Amino acid sequence: MDYEESPNPIQSSDLTMRSSDGRFRVRVGSRHLATLLTMCRESESLETGGLLVGRYSEGHDTAVVTRVWGPPKDSIRRQASFWRGTRGLQRKLDSLWRTQEYYLGEWHYHPSGAAQPSKTDIRQMVRIAESPEYNCLEPVLIVVGGTRPTELEVVAHVFPRHHSPIRLESPDPGSLYSGQPTLACRLGSSQKRANSPATRRK
Ligand SMILES: [Zn+2]
């Protein structure tokens, strides 16, 4: 159930977010962004989330999301918490190996709060980055937040292994959304820079 065929998808345009130094980028195509926002809207007052799946660009500087998966059936959704289940995920991920699509990270919906990762979110993402099972050196977390479903905001962070989280920002927030409801991408100054030298070439 990828929610790819939502009967009433939100209209949106592509979303590219990047770190201020340009080393990390995440691209979410319009269809996948619409899928994600539709799942958020349909979750109403409950938190929800799921997986980001895709591939890396040739230069390995851009994570391109090719699938947005909703919460596995054994997930627990509450008004102020979300525990993402695991049922069926490994089998689905294994089946994508042939098309070279991989686990890229997670997405969350915080229905009545800011689109910021919680302390728990950060801990979990750091654990994922360090986990040999996930085998993902730079997992991404996209958080959708907002107090009203008509004004959602999207914030992404990348969690490089052994680094502080790095906030990714949209260079052109005005073009994120066309039509109603509107989506605003808040440009913050809270980006945390990595403490240690870059280990990756652009
Ligand atoms: Zn969260």
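**Exercise 1. State where Glu44 lies and whether it is buried or exposed.**

Solution. Glu44 belongs to the loop that links helix 1 with strand 3 (48-56). The model considered here is a predicted one. The next step is to count neighbours: a residue is exposed if 12 or fewer other C-beta atoms lie within 10 Å of its own. Glu44 has 11 C-beta neighbours inside 10 Å and therefore counts as exposed. The backbone deserves a further remark, since Glu44 is not a glycine and yet has a positive phi of about 50°. Most residues other than glycine have a negative phi.

**Exercise 2. Carry out the analysis for His60: which loop holds this residue, and is it buried or exposed?**

Solution. His60 is located in the loop between strand 3 and strand 4 (62-69). Its phi is positive, about 65°, although His60 is not a glycine. With 11 C-beta neighbours inside 10 Å, His60 counts as exposed.

**Exercise 3. Describe the order of elements along the chain and the range of its contacts.**

Solution. Begin with the inventory: the chain contains three helices and 11 strands. Read from the N terminus, they follow the order β-β-α-β-β-β-β-α-β-α-β-β-β-β. Turn next to the contacts between residues at least 6 apart in sequence: 65% of them join residues at least 24 apart. As to burial, 36% of the 202 residues of the chain count as buried.

**Exercise 4. Compare the length of helix 1 with the expected value, and list its buried residues.**

Solution. Helix 1 covers residues 30-42, 13 residues in total. From its first C-alpha to its last it reaches 18 Å, close to the 18 Å expected at 1.5 Å a residue. Its buried residues are His32, Leu33, Ala34, Thr35, Leu36, Leu37, Met39 and Cys40. Beyond the helix comes Glu44, with its positive phi near 50°.

**Exercise 5. Establish the surroundings of Arg25 and the pairing of its strand.**

Solution. Arg25 is part of strand 2 (residues 25-28). Since the threshold for burial is 20 or more neighbours, Arg25, with 21 C-beta neighbours inside 10 Å, counts as buried. Leaving out residues up to four places away in sequence, Arg25 touches Thr16, Arg18, Asp61 and Thr62. Asp61 is 36 residues from Arg25 in sequence, but their C-alpha atoms are 6.1 Å apart.

Now consider the strands that flank strand 2. Strand 1 (residues 15-18) pairs with strand 2 in the antiparallel sense over four bridges, and Leu15 has Val28 as its bridge partner. The hairpin of these two strands has six residues between them, and there Gly22 takes a positive phi near 75°. Strand 2 is also joined to strand 4 by four bridges, and these two run parallel. In this pairing Val26 stands opposite Ala63.

**Exercise 6. Which residues have the most contacts inside the largest nonpolar core?**

Solution. This core has 37 residues, and those with the most contacts inside it are Leu52, Val140, Ile142, Val144 and Ala156. Helix 1 supplies the largest share of the core, six residues. In soluble globular proteins, nonpolar side chains tend to be buried together. Take Leu52 as an example: leaving aside neighbours within four places in sequence, its contacts include Val65, Val68, Leu104, Val140 and Ile142.

**Exercise 7. Explain why the buried residues of helix 3 line one face.**

Solution. Check the geometry of helix 3 (residues 119-130) beforehand: its 12 residues should span 16 Å at 1.5 Å a residue, and the end C-alpha atoms are 17 Å apart, which agrees. Its buried residues are Asp121, Met125 and Ala129. Viewed down the axis, they fall within an arc of 70°, so they line one face of the helix. Lys119, Thr120, Arg123 and Arg127 are exposed on the other side. The buried residues of helix 3 pack against strand 7 (102-110) and strand 8 (140-145).

**Exercise 8. Explain why strand 9 counts as largely enclosed, and identify its pairings.**

Solution. Of the eight residues of strand 9 (residues 151-158), six are buried, so the strand is largely enclosed by the rest of the structure. Strand 8 and strand 9 run antiparallel and are joined by six bridges, with Val140 partnered by Val158. Strand 9 and strand 10 (residues 166-168) also run antiparallel, joined by three bridges. In this second pairing Val158 stands opposite Ile166.

Conventions. Residues are numbered from 1 along each chain as its sequence is written. This is a predicted model: local features need pLDDT of at least 70, side-chain atom pairs count only at pLDDT 80 or more; totals for chains, interfaces and linings use all residues. The expected span of a helix is 1.5 Å times one less than its number of residues. Two residues are in contact if their C-beta atoms, placed from the backbone, lie within 7 Å. Two strands pair if DSSP finds at least two bridges between them. A nonpolar core is a set of buried Ala, Val, Leu, Ile, Met, Phe, Trp, Tyr and Cys residues joined through C-beta atoms within 7 Å. The arc is that of the directions from the helix axis to the C-beta atoms.
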